[in-house]
Amino acid sequence: MTHSVTIGDTLITDSSQAYVIAEIGHNHGGDLEKAAELVRMAAESGAQAAKLQKRDNKALFTKAMYNEPYTSRNSFGATYGEHREALEFGVREYRELAQLADELGIDFFSTAFDFPSVDFLAELGVPAIKIASGDLTNTPLLAYAAKTGIPLIVSTGGADMEEVRRAVDTIAPINDQLALLQCTAAYPATPEVLNLSVISTYREEFPDVVVGLSGHDVETESSVIAYTLGARVVEKHVTLDRTLPGSDHHFSLEGSHLRELVDSLERTRLSLGSPEKRQLPVEAPALRKMAKKLVAARDLSAGHLLTVEDIAIKSPGDGLRPYLIDQVIGRPLSVALAADDAIQLTDLG
């Protein structure tokens with residue numbers, strides 16, 4: 001299997017650390033300084049990338065939806081269109097945030113919800129384009145984004161396997177730089193609907209695709225489990241304050257939680273280690289104290305033929321291991337041994 005994708009300067013493979021995306025979305029509330037603060041928080045917390053969402057609202061929504069009243073607690077405008085426009089950033093804001101991310105040493109990109117947004121992001125020169133779960137069946141958009149040659153990260157919430165295969169079959173012949181994220185389109189998603197085992201299904205079904213998790217749960221444990229199952233891209237929503245008004249804040253991670261996630265994922269990578277079972281140098285002191293060796297059970301003279309009664313098994317374990325006892329019994333000693341002296345193969349005739 002060759003699961004790999006390169007985003008910016010980062011090669012993501014089975015052996016790499018988790019590529020953590022801090023999904024800002026529209027949790028900036030249309031405020032550039034808040035967005036910049038979230039990018040800084042992402043970098044300070046150890047995330048590899050910060051991400052926004054890009055929409056061309058008038059191209060994306062029908063007139064009726066654009067103009068329908070929107071007066072909930074989360075509204076930034078009297079109509080849904082006004083609400084969405086209030087949250088939307090343009091070229092100036094994106095360039096400022098991209099420059100800030102570059103200075104901080106992390107990647108910066110966005111989800112494209114429509115064709116103009118793909119063009120916008122491609123012209124900006126982002127290192128990746130995210131495709132949201134809602135567009136998994138939007139094969140024209142998938143193909144259009146794939147043709148940019150920019151790596152794609154595709155969420156799969158609300159889909160069945162046939163729809164996931166169709167999406168991969170649309171993208172892969174055009175663009176082999178693809179990450180596929182298990183996702184549950186519930187906000188928040190509770191443990192019983194996360195279905196993290198799908199990660200293993202994706203890895204088996206798509207051996208050339210990097211697999212990850214877009215998590216809408218409020219904790220970090222699922223991301224750690226996902227990494228052990230083979231997820232190498234982890235996307236989590238972030239916020240400055242979970243109590244702020246907005247549809248995403250309540251299930252997003254604040255800075256301390258994001259730091260905990262990044263640290264937990266790295267500890268998990270280190271803990272998984274190698275699949276090869278071998279004795280480690282760090283184990284040597286404990287093994288010397290706890291393991292056993294073959295020693296003389298009593299004083300023995302040179303020429304004596306060793307019997308079971310002549311041999312004791314004692315610590316420290318710095319000599320012949322007990323499993324070698326059959327190679328010792330019945331052989332003559334070439335030297336005399338005192339009680340508790342180690343029995344060595346070189347001392348046997």
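Helix H7 is a good place to start in this predicted model: its buried residues pack against strand S5, helix H6 (115-124), strand S6, strand S7 (152-155) and helix H8 (161-171). The residues in question are Leu141, Leu142, Ala143, Ala145 and Ala146. If you colour these five residues of H7 in your viewer, you can follow their packing outward to each of those neighbouring elements.

Just ahead of this helix comes a residue that may catch a chemist's eye. Asp135 sits in the loop that runs from strand S6 (129-131) to helix H7 (139-146). Asp135 is buried and yet makes no salt bridge. The nearest side chain of opposite charge belongs to Arg55, 8.1 Å away, whereas a salt bridge needs the nitrogen and oxygen atoms to be within 4 Å. What does Asp135 touch, leaving aside residues up to four places away in sequence? Its contacts are Ala112, Phe113, Leu141 and Leu142. Two of these names, Leu141 and Leu142, are already familiar as buried residues of H7.

From here we can step to strand S5, another partner of the buried residues of H7. S5 covers residues 107-112, and 6 of its 6 residues are buried, so the strand is largely enclosed by the rest of the structure. S5 pairs with strand S4 (residues 49-54), running parallel to it through 6 bridges. Within that pairing, Ala49 stands opposite Asp107. S5 is also paired with S6, again in the parallel sense, over 2 bridges; here Thr111 faces Lys130 of S6.

Lys130 leads on to the charged residues. How many salt bridges does the structure hold? There are 17. Lys130 takes part in a network of them, together with Glu23, Lys51 and Glu235.

Some individual pairs are worth a closer look. Arg203 and Asp14 form a salt bridge whose closest N and O atoms are 2.9 Å apart. Arg203 belongs to helix H9 (residues 198-205) and Asp14 to the loop between strand S2 (10-13) and strand S3 (19-25), so this pair ties together parts that lie 189 residues apart in sequence. Arg203 is buried, with a relative accessible area of 16%, while Asp14 is partly exposed at 29%.

Glu88 and Lys54 make another such link, with 3.5 Å between the closest N and O atoms. Because Glu88 lies in the loop between helix H4 (80-87) and helix H5 (91-104) and Lys54 in strand S4, the pair ties together parts 34 residues apart in sequence. Glu88 is buried, with a relative accessible area of 14%, and Lys54 is buried too, at 9%.

A more local example is found in helix H11 (residues 255-272), where Glu266 and Arg269 are 3 residues apart, or about one helical turn. Their closest N and O atoms lie 2.5 Å from each other, forming a salt bridge. An α-helix has 3.6 residues a turn, so residues three or four places apart point the same way. Glu266 is partly exposed, with a relative accessible area of 24%, and Arg269 is partly exposed as well, at 28%.

Next, the backbone. Most residues other than glycine have a negative phi, and most peptide bonds are trans. Against that background, the bond from Tyr187 to Pro188 is cis, with omega near 5°. Pro188 lies in the loop between strand S8 (178-183) and H9. Asn195 is in the loop between S8 and H9 too, and its phi is positive, near 50°. Asn195 is partly exposed, with a relative accessible area of 48%.

Further along the chain, a cis peptide bond joins Ser315 and Pro316, with omega about 10°. Pro316 is placed in the segment after strand S12 (311-314). Asp340 is also found in the segment after S12; its phi is positive, near 80°. Asp340 is partly exposed, with a relative accessible area of 44%.

Finally, zoom out to the whole chain. It is divided into domain 1 (4-272) and domain 2 (281-347), and the C-alpha centres of the two lie 62 Å apart. An unreviewed UniProt entry lists residues 293-349 as "domain: AFP-like". That span is 0% helix and 14% strand, and its end C-alpha atoms are 19 Å apart.

How values were computed:
Residues numbered from 1 in each chain as written. Predicted model: local features only at pLDDT ≥ 70, side-chain atom pairs only at ≥ 80, totals over all residues. Heavy atoms only, no water. Helix = DSSP H or I, 4+ residues; strand = E, 2+ residues; numbered from the N terminus. Buried < 20%, exposed > 50% of the residue type's maximum accessible area, 1.4 Å probe, protein only. Lys, Arg positive; Asp, Glu negative; His and termini not counted. Contact = heavy atoms within 4.5 Å. Domains from an automatic or database assignment. UniProt positions renumbered as here; feature names shortened; annotations may be inferred. Pairing = 2+ DSSP bridges.
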